[in-house]
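Got your viewer open? Here is a short route through the model, one selection at a time.

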Amino acid sequence: MVTELAEAGALTPQWRRPFETVPRHVFIPDTVWVEEGDLLVPVDRADDEAAWLELCYADESVITQVDDGAPALAGRVGREITSSASRPYVVARMLAALDVQPGMSVLEIGTGTGWNAALLAERLGSDKVASVEVDPVVAARARWVLGQAGYEVTVMTGDGALGFPERAPFDRVIATVAADQVPHAWAEQTRPGGRVLVPWTTDFHNGALVSFVVASDGTMRGRIIGNVAFMRLRDQRGKRASLKRHVRDVPDARRSFTETHPYSVLGEYDASLAIGLKVPHCKLIVTHEADGAYTVWLVDPWSGSWASLEHRTDAEKFPVRQSGDRNLWNEVEAAYRWWDGLGRPTADRWGLTVTPEGQHVWLDTEDRPVSR
Ligand SMILES: C[S@@+](CC[C@H](N)C(=O)[O-])C[C@H]1O[C@@H](n2cnc3c(N)ncnc32)[C@H](O)[C@@H]1O
């Protein structure tokens, strides 16, 4: 795994030794889950040690908790991923971007398995690392495993959105859980000039990694430096969209056509990032048919509005249906045109500023804010 990460350019020389020293499998629980369609199916180490080990050392995230620890379906089958060991490639890239130096103190948000905390402790020393985990069972396990592995990292059980005031200030904060609204506490608890790394997400778009620098007035600003998808902070989970629950009154839906190809709006990373800035409370579901045709569904689980866009091979116009108070397709198409009109900015041109009053998003410079 380490060789692969190095070859992929994800491992900096300073992080190579910690990755070689800290065994990932020690931090992975004996039961993990794998995705089978919509379901999360358990894999037990006791049943197939080789398969379990394979999961531990593949360059993939490993699902370590479903449905907040109480699998929703019979046979410990789960519906939602609620804790995981992040993909090693992403862990390595984020640690490199954190830009730590010996002597620095780091706060991690989202302890999960404890593997990332152990890597930090191996590089900086256990006394320099603190981590916050919201789930008490996950936190207790991480605390225990870290101790067994020789890392006396402080793991606090609590809401990471509040940071860890008792241990502040930190030189670095690394969130391994995504935020839609980035908590100001993370800026407040970081020394001026320090860095805060956050996977940032919107309802429409899966996520971008933002690297903030904290100013002496306690605000922080940063730009998007990469593409990452993380689960959200527990309080910011929002609502899950479902075709069964939210798509109603199909025969009465308002019908039209569009010449905008669904892929250009939904398949391009930079476009969907920009659309997420403009169109709140809009979730995306895609259903596929056997002949290669697909339908894009836009669902607002808060208001119950929905829209669908049917893609048929070789078609030049695509049928649209919209229902509810919002015309979600019109909103998404308008946001796409706005992004197109701006000259199709790439993700790295967007930035965020976080103040005690909240956050705002800008393009290139702070005097070009985005309003919804
Ligand atoms: C992707 S996992 C973190 C991976 C972890 N760093 C590792 O090395 O295994 C995200 C974790 O964030 C936790 N989490 C979710 N909301 C949180 C919150 N508000 N505060 C602290 N942790 C939270 C989840 O319970 C989950 O364990």
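**Stop one: between the domains**

Start at the interface of domain 1 and domain 2, where 5 residue pairs, both partners at pLDDT 80 or more, come out in polar contact. As that cut-off hints, you are looking at a predicted model. On the side of domain 1 that touches domain 2, the residues split into 4 nonpolar, 4 polar and 1 charged. Salt bridges between the two domains number 0.

To colour the two parts, select 2-72 plus 82-226 for domain 1 and 243-341 for domain 2, as the domain assignment has them. Their centres, taken over C-alpha atoms, sit 34 Å apart. Now show the contacts: 9 residues of domain 1 meet 15 residues of domain 2. How much area is buried between domain 1 and domain 2? About 930 Å², with carbon and sulfur atoms giving 69% of it. Put sticks on D203, F204 and H205, the residues of domain 1 that lose the most area to domain 2; together they make up 76% of what that side buries.

**Stop two: helix α4 and what comes after**

Next, select residues 88-98, which is helix α4. Why is α4 described as largely enclosed by the rest of the structure? Because 8 of its 11 residues are buried. To see them, pick P88, V90, V91, A92, M94, L95, A97 and L98.

Step past the end of α4 and you land on D99, in the loop that runs from α4 to β5 (106-109). Check its backbone: phi of D99 is positive, about 55 degrees, although the residue is not a glycine. D99 is partly exposed, at 33% relative accessible area.

**Stop three: S83**

Go back to strand β4 (residues 81-85) and click on S83. Is S83 buried or exposed? With 7% relative accessibility, S83 counts as buried. Leaving aside residues up to four places away in sequence, S83 touches V62, I63, T64, Q65, G112, V138 and M231, so to speak a ready-made selection for your next view.

**Stop four: two more backbone spots**

Jump to A168 and P169, which are joined by a cis peptide bond with omega of about 0 degrees. P169 belongs to the loop between β7 (154-157) and β8 (170-175).

Finish at D364, in the loop between β18 (358-363) and β19 (365-369). Here is another residue other than glycine with a positive phi, near 65 degrees. D364 is partly exposed, and its relative accessible area is 24%.

Note on methods. Residues numbered from 1 in each chain as written. Predicted model: local features only at pLDDT ≥ 70, side-chain atom pairs only at ≥ 80, totals over all residues. Heavy atoms only, no water. Domains from an automatic or database assignment. Contact = heavy atoms within 4.5 Å. Buried area = accessible area lost by both parts, 1.4 Å probe. Salt bridge = Lys/Arg side-chain N within 4 Å of Asp/Glu carboxyl O. Polar contact = N/O pair within 3.5 Å; in protein donor to acceptor, adjacent residues only side chain to side chain. Nonpolar A, V, L, I, M, F, W, Y, C, P; charged D, E, K, R; others polar. Buried < 20%, exposed > 50% of the residue type's maximum accessible area, 1.4 Å probe, protein only. Helix = DSSP H or I, 4+ residues; strand = E, 2+ residues; numbered from the N terminus.
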